[in-house]
Amino acid sequence: MTLGLFVLADVSLTWVLWWLIVGLIAGFLASVVMRGGGYGIVGDIILGIVGAIIGGFLAGLLGLGASGLIGTILVAFIGACILIALLRAVSGGFSRRRM
């Protein structure tokens, strides 16, 4: 219980806004590069934040680190591109049928 309170106490509005901005930029860039056309503001933010988690994990495995806004966005962008590729591989692509 103490750990949960400690983690919640460490979250500030600045931290949340930082990750929302990073998630939005990285998610939008990844969706454009991967030719998804964008997933909306909320979708891009979620894509970017999950991409940041994946990218941060992979960068940690490689012994790399990101500092500053540009480095963080770059790591999140790479992770978001990997996430889109994995989702497409699992779902068989995002093809739409026309009637």
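Contact here means heavy atoms within 4.5 Å. The model described below is predicted.

**Overall architecture**

The chain contains 4 helices and 0 strands, and its elements run α-α-α-α from the N terminus on. Of the 99 residues in the chain, buried residues make up 25%. Among the contacts in the chain with a separation of 6 or more, 69% are accounted for by residues 24 or more positions apart.

**Helix pairs formed by α2**

Two packed helices are described by the angle between their axes and the distance between the axes. The table gives these values for two pairs that involve α2.

| Helix pair | Axes come within | Crossing angle |
|---|---|---|
| α2 (residues 13-33) and α3 (residues 40-62) | 6 Å | roughly 100° |
| α2 and α4 (residues 68-91) | 8 Å | roughly 50° |

The second crossing makes α2 oblique to α4, and the crossing of α2 and α4 is right-handed. On the α2 side, this contact is made by Trp18, Trp19, Val22, Ile25, Ala26, Leu29, Ala30, Ser31 and Val33. The α4 side supplies Gly68, Leu69, Thr72, Ile73, Ala76, Phe77, Ala80, Cys81 and Ile84. By residue class, the contact of α2 with α4 divides into 15 nonpolar, 3 polar and no charged residues.

For the pair α2 and α3, angles of 65 to 115 degrees count as roughly perpendicular, and α2 and α3 are therefore roughly perpendicular to each other. In this contact, α2 contributes Trp19, Leu20, Gly23, Leu24, Ala26, Gly27, Phe28 and Ser31. These meet Ile41, Asp44, Ile45, Leu47, Gly48, Ile49 and Ala52 in α3. The residues of the contact of α2 with α3 divide into 10 nonpolar, 4 polar and 1 charged.

**Helix α4**

The 24 residues of α4 should span 34 Å at 1.5 Å a residue, and its end C-alpha atoms are 34 Å apart, which agrees. The buried residues of α4 are Gly71, Thr72, Ile73, Val75, Ala76, Phe77, Gly79, Ala80, Cys81, Leu83 and Ile84. An α-helix has 3.6 residues a turn, so residues three or four places apart point the same way. The buried residues of α4 pack against α2 and α3. Just after α4, glycine 92 takes a positive phi of about 80°.

**Tryptophan 18 and threonine 72**

Two residues illustrate the contact of α2 with α4 in detail. Tryptophan 18 lies in helix α2 and has 35% relative accessibility, so tryptophan 18 counts as partly exposed. Apart from neighbours within four places in sequence, tryptophan 18 is in contact with Gly68, Leu69 and Thr72. One of these partners, leucine 69, is 51 residues from tryptophan 18 in sequence, while the two C-alpha atoms are 8.8 Å apart in space.

Threonine 72 lies in helix α4. Buried means under 20% relative accessible area; at 14% relative accessibility, threonine 72 therefore counts as buried. When neighbours within four places in sequence are left aside, threonine 72 is in contact with Trp18, Trp19, Val22 and Ala66. The pair Trp18 and Thr72 thus appears from both sides, in the contacts of tryptophan 18 and in those of threonine 72.

Definitions and conventions:
Residues numbered from 1 in each chain as written. Predicted model: local features only at pLDDT ≥ 70, side-chain atom pairs only at ≥ 80, totals over all residues. Heavy atoms only, no water. Axes fitted to C-alpha atoms, helices over the stretch in contact; angles between N-to-C directions. Parallel < 35°, antiparallel > 145°, perpendicular 65-115°, else oblique. Nonpolar A, V, L, I, M, F, W, Y, C, P; charged D, E, K, R; others polar. Left-handed = near helix turned anticlockwise from the far one by under 90°. Expected span 1.5 Å × (residues − 1). Buried < 20%, exposed > 50% of the residue type's maximum accessible area, 1.4 Å probe, protein only.
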